Every structure is written in structure tokens, then in C-alpha cells.
Amino acid sequence: MTRFLARRLAAAAALLVAVVSGAFLLVHALPGGPGVIPEDPRVPPSQAQRLRAAWGLDRPLPERYLRFVVAAARGDWGPSLSQHRPAAQVVAEALPWTLLLDGTALGIELAGGLALGLLAARRAGGRLDRLLRGATLALRAVPGFWLALLLLSAFAVRWPLLPAGGVASPAAAGGAWARLADLVAHLALPALAVGLPAAAGAARFVRAALLEIAAEPFLLAAHARGLAPARVLFGHALRAAAAPLLQLAGFSFGALLSGSLAVEVVFAWPGLGRVTFDALAARDYPVLVAGAALAAAAVIAGSAAAEIAHAALDPRVRDA
Amino acid sequence: MRSAPAWLFAPACAALAACGGAPRQPSAAELARTTVTVGTTVDLAGVNELLSGGVRFSNEVLDQLFLSLLREQPDWAEHPPTLAPELAEGWELADGGRTLTFRLRADARWSDGRPVTAADVAFTWRAQTAAAVAWPYAQSKESITAVETPDPRTVRFRFRAGYPFQLIDANDGRVLPAHAWQGLPFEQWRRSEPWFREHLVVDGPFRLADWHPGRELVLERNRGSLAPPGAGFARVVFRVVPDPAALVERLLAGELDFYDGLSPLDAERIRASPRLRLLVADSRQFDYIAWNGRRAPFDDPAVRRALTLGIDRQALVDVLWRGFARVAAGPVPAGVWARDPELAPWPYDPDAARTLLASRGFADHDGDGVLDRDGRPLRFELTTNASNRLRSDAAVLIRDQLKRIGVDVQPRTLELQALVERNQAGDFDATIAGWAIDTTLDLRPYFHSSEIADGQNFVAYRNAEVDRALDRARSEPDLASARPLLVRVQRILRDEQPYTFLWEPRRLAAVARDLEGVEVTHLSSLGSLARWSRAPAGR
């Protein structure tokens, strides 16, 4: 197990360095390069050059890269070009909001996916199964930003049941519980917009996993012993499907993170997606690279946790 | 055990108001009466103008926090814009315009009670011109050789020579608090925005009460300001909603009271809303097609004029802008004091365009439907920025219109920075872009030949008479006396069409019906913010 962990950690570190280097080089390779100079007749190119020099962008690319990597290794991701404060601070402020949103969406994905998958698998090929398969396919195919705008338009404008965005109401009065309720109300629509398509995918995954296991001899034996179908499903089949489901949960976090970018923009949710969106528009490479590193770390951690859990459950994996 | 960082608990803190204790919360009705909520797609870029300048929204907010020596008035229809006293109570030009002396008000105070003095003005100028600060607009100060402070209420600007808008240049930028901000060396300014926020003192009508970057910005009345208190709102909440479509939904849902920057597509929905009204105002913007004068056939004014004649700009305004724009005739917008009253946009006249192109040797020699000359088809790439839907739609419509006169246009959209880089490098045929013209109406940066190398004359336009007129305009004693020269330049530009001037868009804002005192002008949408109020219910 120790060797397994060491291998996974080394791979994760190498992947992180690759992501940081790739993000840094990509932003610098973009036409126009990093940083945005005001497009204004009062800003001549010579003044724009002075601004670039103040950002350190007049130095050769290899020098900039080395300086950046060395500083990043010490935890200094440099100053944000658009917010003029440490990029690490910008990203760190956004992280908890994304964790809250994606954590809730993960809950929706797993709970919704499991429930719908079970329902579909119980009567595979039946009317409900066909209906669920069609619905989950449609939900999976819907672009995130479109679903977000649809939910916003329906539940905040047409039927004003929930807030249209942000994380708190300006007129949020009352005590801590009222504020918590206000936060939950603001979280509902964005979490649904991120979580529902993911739940649709999970439902199809759960259904397929359960149907695959249904043909296993130990389940036939359980049925032959006269166990109730519900007990066979929950007590045996679902336990056997736990390992792939665990892996799905681990890998899901990365997908949710990328899926939440557009949703955070639509609902003005102040998370990593928003920060990345703004940084991209401003070609703010310290924030972009710090955000990419953090997102990569989250994805790596999620998938590593899933792999480790899988390995703990299944010795064949850790010995491979 | 080390405690976890505070930011990790930000959502919980937001929910429970447990970090620092929660004061008594006002009721929803009380908040609605005293608070106005403004929507914005971008956040404040920072409290220090020299680091964050250039973004319209940031400028609007900083105008609420900091005062200037003088305040430009939105009255440029009949005469050059006037400047009303703000921190300065008067000024005097002497020595043939080489000395400009301001007398400061005695009652101006920073929010910490310290007086606003000449030392603040001199410190501001030093910061504006410091190479390490790299203020993008430092060029406005290049004619100023020194700023002297004979006494705390007198500040004297020394100029190399007098010119028509030296008062505007001296006034450019808000006055910064020397006693609060001079402790940080200029070399460290560009990475220290939080430091300025921690050491923030203001003298404007509002102070920064709270700021959650990317989410919300709260201003509260600065009771010590020179600005008259009025009966307006005690709090202004700016909510950042980066997606314009979502922002409009939030306006319609009643979560926002004001937004400036609507697209013409949203205007009708706002008009139909029972809780909102639409404000339409002039802007300083004009959009154009820039023809690259370095490349044939765009180096020929007759060809450029023919292309203008082949574009139905009124149709573009009607279809794309739904009427919320005017066809442009030149760089000086209609209704502005220096606009040539006889200047009319070229009409849409495809027959005249064909004739003009034929006179320059273009004909469809190979019968492929595209005009050619010396074996080269009249074909070019028309670039614009992908993020501007109106411009990219216009490029497609222009392709269809010019096809009717035998010109093959290939529209191409690029990311904004990529487009700017290509334009600055002169690597384009034709491009759709826009300028928000400065109220000094200084046309040098766009059309003077000396600005090809280091300016915004990226089309490489050269005309000796235009150069002379623009040089002479700069040596006139004031802006008004430069008017005949500006009129002459406008006429030459109309004839030579270095740009095809497309449209002058109107500024569109959505306002809650019960908001009073809102004035949107070509200068600003929040200029009257201190006077905004909510009409009593039932009115």
C-alpha cells in the first residue's frame, strides 16, 4: 500500500507541475500576451510598454517562467495584474465558495444519481426506465449556462421563489438562522444547475453498474435463497457497485469544478469559476495559473482519494 | 494546533455573521428606503485610480470617493465643456499659459479630518508621473514641468507652453491623500492594492463601507464631504453580476434598481417592465471600419469612399441597434459644439460606389462576380472582436452589402487582445472597432501622421493639411477658437474616409420607476448619485 501511495503522490506532483507550466505558457502564448492595456487614444504604445515593464513583462519568457516557478514553490503566485493584490489571496477567497457550491452539487449528484439509477435498474426496460433514460440523456446534454439561465428565468423571474444570484440579499434581516436560510436560498439554483446534469450522468452510471452486477452468480444465489428483491438490491447489488460508485464520486469533483464555471458567472457566485472567468478576460496570468493549480490539485486529490478508497476495497487494484 | 485561515470560513461567516459580531439588522422596509442597489458586470478594479484607471465603472465609483480640483460638466452641446470648481475655488492662467495657479477651498477635508492641501495635489502629480507607478494616462501630464506649493492652499502648475486644454490636463485625475499614501514607495504600488484600501481616506460624497471583491461593494455617505448632503440614499450597494443576460433577469426580478450598459436587444423588455423605465442618453462612442492605409487599395481615398457608399449604415442602425444609434459622419458626435453643422453622412449609393471603383480601374474581368484590378480581386478580411455581438453581426451584414457591388469581404472575429495586437502591428486589411472620444476633441492621436509610430493612428493615415490643422488647433489659446480648424479636419476626413464612420450608439440604462434624480449623460451615469432618492410609495 505504501508503494502504491508513493507512486500516486509522485504522479500527482508531476501532473501539478505540468498544469502550472502549461497554464503559464499558454497565457503567454496567446496573441496580445498577458495583461490588458486600456484601449484608449490617451494611452500611446510607449506608455503601454512602461506598464508592461512595471508588470515585469519586458523580461525574456524563460526568465519570467523561472522567476514565477521559484516564487510559486515558495507560495508566492505573484500580484494579480487586474486586482493588484496577491493572486493567492484572490484564489483563496474564492475557494470556499466553490467548495460550498460543488460540495452541494456533489451531494445532489450522488443522491439524485443513486435514487434515479436504482429506480431505473429495478424495472430495466420498463416504462419508467425508458422515461428516466430519456430524461437523463436530455439533462446530460443541456449546456450548463443554458440550464442556469433557464432555472434563473423560471424560479427567480417567472415564479419568484428563489433569489436570482449572489450569495446574500441586501435586505437580509434577522439573526444567524435567517442568514443561513438566505444563503441556502441563494445556493439552491446554482447548486441545481451544476448538480442536475451530473446527477443525470450518475443515474445512468448507477443503472449500468447495477445491471452488470445483476448477472453475477452471487446475486442469482441471493434470489435463489428467497431474499426479498429490495434486500438483494440494497444489501448485495449496491454494495458490490460501491467501488465504481466511489470512483465516480472522486472523478466527479473535477467535472463539477469545470461545470460550475459558467454557472458561477450566470449566478454571480463568487467562486473559482468567476475568478477564472474574470482573470481570463484580463489576461491576469498569476490568478489564472494559481486557479488552474488549485483546480488541478482538487481534481488530483479527488481522483487519488477515489483510487485509494478503491484500492482499499479491492486488493487487485493496489497490487496492479 | 494552528487555527485554520479565516477565508476558509467565508461562506459560514457570510451566513451567520459570526465573524466580528452582528450589529442590529435594519428591517427590509428601512433598508429599501435608505439603500439603492446598482448592478454591474465588472467589479471595482481598486481604490487607487493610478492602478485601476481606464475602466468606466471604476471611474464612476472613484468619482464618488475622491474629488478633483474641478468637475467637468456635461454641457458640451453649445460650447467646450465647462469646469465647475470642486476642490479648487478658483484658478488663474498667467505667463502666456505657462503658469496655472489654483486656489484650494479652505473647508475641504479628508474623512480622517485632515485638510485637503496643495501638498496632496503635488503628491498626486508626482505619483501620476512616476515611472514605477506607470499610470496609463501619464501622457496628459507630459507638458507639465513642475507643481509648486507656495502655501497649503495654493498650487501652481508650470507648463512648457500654453495650449487649449491645459486646464483639463492639469485637472486630469482625482486628488490623492498624500498623508495617507505617501508612506509606500512608488516601486511597491503595483502589487499593493490591499495596502491602499487599508489606508483609505476619502473626500468624496461617499466612503467605502464594505467590499467583497467579485460580489458586492457598499458605499455609505461621507458626512464630512464638501458635497451637499441632500436627501439621497445613505447606502449604495453595487452587485457584481458578470453575465449581462443574468443581470437583466435580476433587474426584472426586482433585485436591482439601476444598470447602465443595456444592449438594444434588452431595451424593449425593460420598457415593458412595470417596475423599470428605460433611460436613453448620448454617448461619446463612435464605431467605425478602419481601412489599413499601408495596404492597397485602402491607400486610395476614392476606394475607401466607394466602400463607404456601398454600405447601408442606416440599415445597420435599424437592424442591429433597433434605432438606439445614429449613423456617424465623423469623429465628432452629432450635437457636440465642434461638430461641423454641414457635415452629413455619405448616403448609401451602390451605383455611385460601382462608378467610383470603375474609375479606379476595378472591373469584373474574369466574370466571377468579384471586381478585380491587375489580376487581383477586390477581396479583404474584415476583423472585429468576437465579444462584441453587434460588431460581429455587422461584419456579416456588411459582407452581404458589399457583395452587391462586387467586393468580396471575409468577416473574421478575434479575441479582443489578439485583435488589438494585430491592429497595433498594422497586420489587418479592415477592422471594425470603436472609440469613446475625449471631450477635449483632440483628434491628434487618431489622425496626425506623427501618431503612426507612437499613437493610435493605426491606419497610418497621412494628410499634410490635417497635420497642420491639428498642430494649429493645439496652439490656439482655447478650445472654442480651435473650432474652425476642427471643422476643416472633419470635412477632409469625410472626403478621404480613413475610417468609414458607422454609428454613434446611445447609452441605455434601466432604472426602477420609483427612483428619482437619476441623470445619465455622455460623461457618467452616477454623476448625480448623491441626489438619488426613492419616491414615497403610492406616487
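Helices and strands here are DSSP runs, numbered from the N terminus, with at least four residues for a helix and at least two for a strand. The model is predicted.

**Exercise 1. Place the cis peptide bond of chain B.**

Step 1. Find the bond. The peptide bond from Ala296(B) to Pro297(B) is cis. Its omega is near 5 degrees.

Step 2. Find the setting. Pro297(B) sits in the loop between β13 and α11 of chain B.

**Exercise 2. Decide how enclosed helix α11 of chain B is, and name what packs against it.**

Step 1. Take the range. Helix α11 of chain B covers residues 301-309.

Step 2. Apply the cut-off. A residue is buried if 20 or more other C-beta atoms lie within 10 Å of its own.

Step 3. List the residues that pass. Val303(B), Arg304(B), Arg305(B), Ala306(B), Leu307(B), Thr308(B) and Leu309(B) are buried in α11(B).

Step 4. Conclude. Because 7 of the 9 residues are buried, α11 of chain B is largely enclosed by the rest of the structure.

Step 5. Name the partners. The buried residues of α11(B) pack against two strands of chain B, β13 (285-291) and β20 (499-505), and against two helices, α13 (350-359) and α14 (389-403).

**Exercise 3. Locate two non-glycine residues with positive phi, and classify their burial.**

Step 1. Start in chain A. His84(A) is not a glycine, yet its phi is positive, about 55 degrees. His84(A) belongs to the loop between α3 (61-73) and α4 (87-122) of chain A.

Step 2. Count neighbours. His84(A) has 21 C-beta neighbours inside 10 Å, so it counts as buried.

Step 3. Move to chain B. Gln497(B), also a residue other than glycine, has a positive phi near 45 degrees. The loop between α18 (483-496) and β20 of chain B holds Gln497(B).

Step 4. Count again. Gln497(B) has 24 C-beta neighbours inside 10 Å and therefore counts as buried.

**Exercise 4. Describe the fold content and dimensions of each chain.**

Step 1. Count elements. Chain B has 18 helices and 23 strands. Chain A has 13 helices and 0 strands.

Step 2. Test chain B against the globule rule. Its radius of gyration is 26 Å, close to the 24 Å given for 539 residues, so chain B is as compact as a globular protein of that length.

Step 3. Box the C-alpha atoms along the principal axes. Chain B fills roughly 80 × 60 × 60 Å. Chain A fills roughly 85 × 55 × 40 Å.

Step 4. Read the burial. In chain B, 47% of the 539 residues count as buried. In chain A, buried residues make up 42% of 320.

Step 5. Read the contact range. Take contacts in chain B between residues at least 6 apart in sequence: 67% join residues at least 24 apart. In chain A, residues 24 or more positions apart account for 73% of the contacts with a separation of 6 or more.

**Exercise 5. Characterise the contact between the chains.**

Step 1. Count both sides. Chain B gives 63 residues and chain A gives 58 residues.

Step 2. Name the elements on the chain B side. Those giving two or more residues include the helices α1 (10-16), α2 (28-34), α8 (193-198) and α9 (244-252) of chain B. Among them are also β1 (35-40), β10 (235-240), α15 (416-424) and α16 (444-447) of chain B.

Step 3. Sort by class. The side of chain B that touches chain A has 36 nonpolar, 15 polar and 12 charged residues.

Note on methods. Residues are numbered from 1 along each chain as its sequence is written. Chains are lettered from A and ligands numbered from 1 in the order in which they are written. This is a predicted model: local features need pLDDT of at least 70, side-chain atom pairs count only at pLDDT 80 or more; totals for chains, interfaces and linings use all residues. Two residues are in contact if their C-beta atoms, placed from the backbone, lie within 7 Å. Ala, Val, Leu, Ile, Met, Phe, Trp, Tyr, Cys and Pro count as nonpolar, Asp, Glu, Lys and Arg as charged, and the others, Gly among them, as polar. The radius of gyration is taken over C-alpha atoms; the globule rule is 2.2 Å times the number of residues to the power 0.38. A residue is buried if 20 or more other C-beta atoms lie within 10 Å of its own, exposed if 12 or fewer, and partly exposed in between; C-beta atoms are placed from the backbone.
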